[in-house]
Amino acid sequence: TEKVKRTTSILLEETIEELEQKRKAVEESNAALQLSIQELKSAQAQLIQSEKMASLGELTAGIAHEIQNPLNFVINFSEVSVEMAAELQKYLDSGQLADAKEESTSLEQNLQKIIQHGKRADAIVKNMLQHSRTSTGAVDATDINALVDEYMRLSYHGLRAKNKSFNASLNVQLDPSIGKIKIVAQDIGRVILNIFNNAFYSVAMKKAGNPNFSPSVSVITKRNGAMVEITIADNGIGIPKKELEKIFQPFFTTKPTGQGTGLGLSLSYDIIKAHSGQILVDTKEGEFATFTILLPA
């Protein structure tokens, strides 16, 4: 009995020691796994930021164009206002109060226009700075129509700056009854921008192979029950059926090397899913592509 006890005790000690070694091995594996997860999250964040900066780089020319327009207005109205101020002073000096009053009213209108266009340029700069920063994830009541209109024009003028001969018919139908919806504006803006970039790229590619082709991109927003629909359609090259199921996969792109990160639609899918929405695709190779974003109203 004593011999059995001693043998059992020895076996038990060996088993406990073995279990302790396995426990330490598991802890080390968990620590390594946690480190790998952190590294993957860091790499993902860097990839997302790289994709954002890449899309921002593509928009540089469009941003310059959009800012130049209101700045031209500010400069022109300011120059005219200086002349009007001088005229106003002459009327006051000569006692022509009726003319002075009329000139003063016109001057006030000019200054209102300067303020209006100055705010427009300020809004463009703020939007682009917001686009380049890491998302805070803050949900705000956002005018979705203004967001769609802003990124459509930036995308269009960005492409036109690269190719001066490019023109496209823009069909814009924005439902004013939608009002503001609660979204992470920076993230949804990225989704909309990405889809517009793809649409203009598609029609430009088709135009390059067919000089008689008339490029067209349309966007429609509307409220559909508890959801808001944003539909962006183009009559470009479409998406081949064999590639359709891959378009939301990370790093998959149909663009030539160096012209696409392959992350745009993948990140767009994740953003819309995080908003409890959907992103739907309807396309026919060589004819059209339509992307529909559904977001809770």
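Which residue forms a salt bridge with lysine 5? Select lysine 5 and glutamate 2: their closest N and O atoms are 4.0 Å apart. A salt bridge here is a side-chain nitrogen of Lys or Arg within 4 Å of a carboxyl oxygen of Asp or Glu.

Before continuing, note that this is a predicted model, in which local features need pLDDT of at least 70, side-chain atom pairs count only at pLDDT 80 or more, and totals for chains, interfaces and linings use all residues. Residues are numbered from 1 along each chain as its sequence is written, and side-chain values use heavy atoms, with hydrogens and water left out.

**Stop 1: helix H1**

Select residues 2-58, which make up helix H1. Helices (H or I, at least four residues) and strands (E, at least two) are DSSP runs, numbered from the N terminus. Lysine 5 and glutamate 2 are three residues apart in H1, so about one helical turn separates them. Lysine 5 is exposed, at a relative accessible area of 51%. The terms are set by relative accessible area: buried is under 20%, exposed is over 50%, and partly exposed is in between (1.4 Å probe, protein chains only).

Next, select arginine 23 and glutamate 20, whose side chains meet in a salt bridge of 2.4 Å, N to O. These two are also three residues apart in H1 and therefore about one helical turn from each other. Arginine 23 is partly exposed, with a relative accessible area of 38%, and glutamate 20 is partly exposed at 32%. Add Glu27 to the selection: Glu20, Arg23 and Glu27 are linked in a network of salt bridges.

**Stop 2: helix H2**

Move to residues 60-93, helix H2. Here the side chains of lysine 90 and glutamate 87 form a salt bridge (3.9 Å, N to O). Lysine 90 counts as exposed at 53% relative accessibility, whereas glutamate 87 is partly exposed at 31%. The structure as a whole holds eight salt bridges.

**Stop 3: helix H4**

Select residues 144-162, helix H4. Its 19 residues should span 27 Å (1.5 Å times one less than the number of residues), and the end C-alpha atoms are 28 Å apart, which agrees. Aspartate 143 caps the N-terminal end of H4, with a side-chain oxygen 3.1 Å from the backbone nitrogen of asparagine 145. Buried residues of H4 include Ile144, Asn145, Leu147 and Tyr156.

**Stop 4: the aromatic rings**

Keep Tyr156 selected and add Phe166, Phe196 and Phe200; together they form one aromatic cluster. Rings of Phe, Tyr and Trp (its six-membered ring) pair if their centres lie within 6.5 Å; planes under 30 degrees apart count as stacked, over 60 as edge-to-face and the rest as tilted. The structure holds four aromatic pairs. In one of them, the ring centres of phenylalanine 196 and phenylalanine 200 are 6.3 Å apart and the planes lie at 20 degrees, so this pair is stacked. Both residues belong to helix H5 (residues 185-209), where they are four residues apart. Phenylalanine 196 is buried at 0% relative accessible area, and phenylalanine 200 is buried at 1%.

**Stop 5: a hairpin**

Finally, select strand E6 (residues 278-284) and strand E7 (residues 288-296), which run antiparallel and are joined by seven bridges. Two strands pair if DSSP finds at least two bridges between them. Valine 281 stands opposite phenylalanine 291 in E7. The hairpin has three residues between the strands, and glycine 286 takes a positive phi near 85 degrees.

How values were computed
Polar contact = N/O pair within 3.5 Å; in protein donor to acceptor, adjacent residues only side chain to side chain.
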